[in-house]
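Student: Got a minute to go through a fold with me? I'd like to work from the inside out.

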Amino acid sequence: MDVKDFWYDLPQELIAQDPLEDRASSRLLVLDKVSGDISHKHFFDIIDYLNEGDCLVLNETKVIPARLMGVKKDTGAAIEILLLKRTAKTAWECLVKPGKKCKVGAKIDFGDGLLFGTIVDIVEEGNRIIEFEFEGIFEEILDKLGTMPLPPYITHVLKDKNRYQTVYAKNEGSAAAPTAGLHFTKELLEKIEKKGIRLAKVTLHVGLGTFRPVKVTDVNEHHMHSEFFQISKEAADIINSTRKNGKRVICVGTTSTRTIESAADENGHLEEKSGWTDIFIYPGYKFKVLDALITNFHLPESTLVMLVSALAGRENILHAYEEAVKEKYRFFSFGDAMFIN
């Protein structure tokens with residue numbers, strides 16, 4: 001399988017730069033994964049496609065203000081870091097720019113002494129392990145010094161940082177938002193629950209591995225970075241009983257998908273579980289739990305386009321994306337949504 005098989009042409013002006021005022025008023029492209037049929041709706045219409053007894057799987061992760069600006073202590077050079085994942089109580093794997101200036105032993109000062117970092121190791125793809133020193137609570141210091149780690153294709157300043165969080169975000173730890181969930185309002189979720197659809201809440205802390213470009217020509221050779229996930233007994237029970245009753249398990253986003261598919265046994269049964277996953281889902285993969293997916297539109301040649309192609313077929317997906325471009329849908333994190341059923 002060649003990475004070029006997952007290319008599509010996207011005009012720059014269709015990349016959404018700002019969230020809509022009303023989360024649920026995004027457009028919704030509905031794709032039948034068997035027939036390839038497409039219809040055009042709005043996100044608030046999603047409730048019409050959910051049936052009593054179905055369950056929605058939501059990722060409760062919360063984005064931390066993971067981008068920090070600092071200076072190298074010996075030279076005063078400006079250093080930018082992005083926290084990717086916690087590796088120990090006070091240590092994080094980070095993306096560091098410029099990396100050349102940050103060898104093992106280098107010390108970085110953030111916020112005039114509020115936070116210090118020492119580079120203790122260099123790991124795969126040049127990421128650094130940074131050991132932090134601080135007084136007080138790390139998360140509170142981050143709130144003061146850090147900014148939201150918006151993707152590089154978003155060039156506008158985000159006026160309200162809560163718009164890069166889902167309304168149900170709870171467990172801090174992500175370097176990026178699970179963006180399919182950004183379309184839900186509390187009111188819409190209440191209506192969905194009143195209709196008899198159950199909500200199974202899981203956590204996967206999104207690292208940059210999900211969004212990293214595929215640098216190999218052969219898709220099979222791509223390696224995903226690992227991300228931490230957690231499934232409670234309550235969430236596992238809801239998903240298991242939904243399947244037992246012959247109803248659908250519908251994931252909100254590719255992160256929820258990867259969580260339940262990582263944790264399920266070969267029969268699709270889930271138990272309470274936490275751990276690290278580097279699951280890579282691409283065409284040929286047989287889904288064990290997932291029946292349908294709510295997702296955004298993803299970057300050309302990305303692992304996420306490959307994941308949705310595994311569910312609906314590459315040709316169906318590329319045709320749907322062409323249709324979305326023609327209809328001027330808004331793409332990527334702050335863009336419109338797609339329901340694959």
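Student: Okay, which residues have the most contacts inside the largest nonpolar core?

Tutor: Keep in mind that this is a predicted model. The largest nonpolar core has 66 residues, and its biggest share, seven residues, is supplied by helix 5 (residues 303-312). Those with the most contacts inside the core are V57, I239, Y321, F331, M338 and I340.

Student: Let's zoom in on V57, then. What does V57 touch?

Tutor: Leave out anything up to four places away in sequence. The list that remains for V57 is A200, V202, I239, V249, I250, C251, V252, S256 and I260.

Student: And apart from that core, how many residues does the other core have?

Tutor: Its members include I46, L58, L188 and L199, and it lies apart from the one V57 belongs to. The count for this other core is 23 residues.

Student: Now the sheet. In what order do the nine strands come?

Tutor: The sheet is open and its pairing is mixed. Strand 2 (38-42) and strand 15 (273-277) pair on one side only, which makes them the edges. From one strand to the next, the twist averages 25°. The order reads 2-1-17-16-14-3-12-13-15.

Student: Which residue in strand 12 is the bridge partner of L58?

Tutor: Strand 3 (residues 55-59) and strand 12 (residues 198-204) run parallel, with five bridges joining them. On the strand 12 side, the partner of L58 is K201.

Student: Helix 3 packs on the sheet; what angle does its direction make with that of strand 12?

Tutor: Helix 3 (residues 233-244) touches strand 3, strand 12, strand 13 (227-231) and strand 14 (249-252). Its direction and that of strand 12 make an angle of about 130°.

Student: On to helix 2. Why are L188, L189 and I192 on the same side of helix 2?

Tutor: L188, L189 and I192 are the buried ones in helix 2 (residues 186-194), and strand 3 and strand 12 are among the elements covering them. The face turned away from that buried side carries the exposed K186, E187, K191 and K194. The three buried residues sit on the same side of helix 2 because the arc they cover around the axis is only 100°.

Student: Any backbone oddities to flag? Which residue in the loop between helix 6 and strand 17 has a positive phi?

Tutor: The loop in question joins helix 6 (314-326) to strand 17 (337-340). The residue there has a phi of about 75° although it is not a glycine, and with a relative accessible area of 5% it falls under the 20% cut-off, so it is buried. That's F332.

Student: Is E125 buried, partly exposed or exposed?

Tutor: E125 sits in the loop between strand 9 (115-122) and strand 10 (128-134), and it too is a non-glycine with a positive phi, about 60°. Its relative accessibility is 46%, so with buried set under 20% and exposed over 50%, E125 is partly exposed.

Student: Last one: how many disulfides does the count come to?

Tutor: The rule wants two cysteine sulfurs within 2.5 Å. For C55 the closest cysteine sulfur is that of C251, 7.8 Å away, so it is too far for a bond. C94 is in no disulfide either, as its nearest cysteine sulfur, in C102, is 10 Å away. The count comes to zero.

Conventions
Residues numbered from 1 in each chain as written. Predicted model: local features only at pLDDT ≥ 70, side-chain atom pairs only at ≥ 80, totals over all residues. Heavy atoms only, no water. Pairing = 2+ DSSP bridges. Helix = DSSP H or I, 4+ residues; strand = E, 2+ residues; numbered from the N terminus. Axes fitted to C-alpha atoms, helices over the stretch in contact; angles between N-to-C directions. Contact = heavy atoms within 4.5 Å. Core = buried A, V, L, I, M, F, W, Y, C linked by side-chain atoms within 4.5 Å. Buried < 20%, exposed > 50% of the residue type's maximum accessible area, 1.4 Å probe, protein only. Arc of directions from axis to C-beta.
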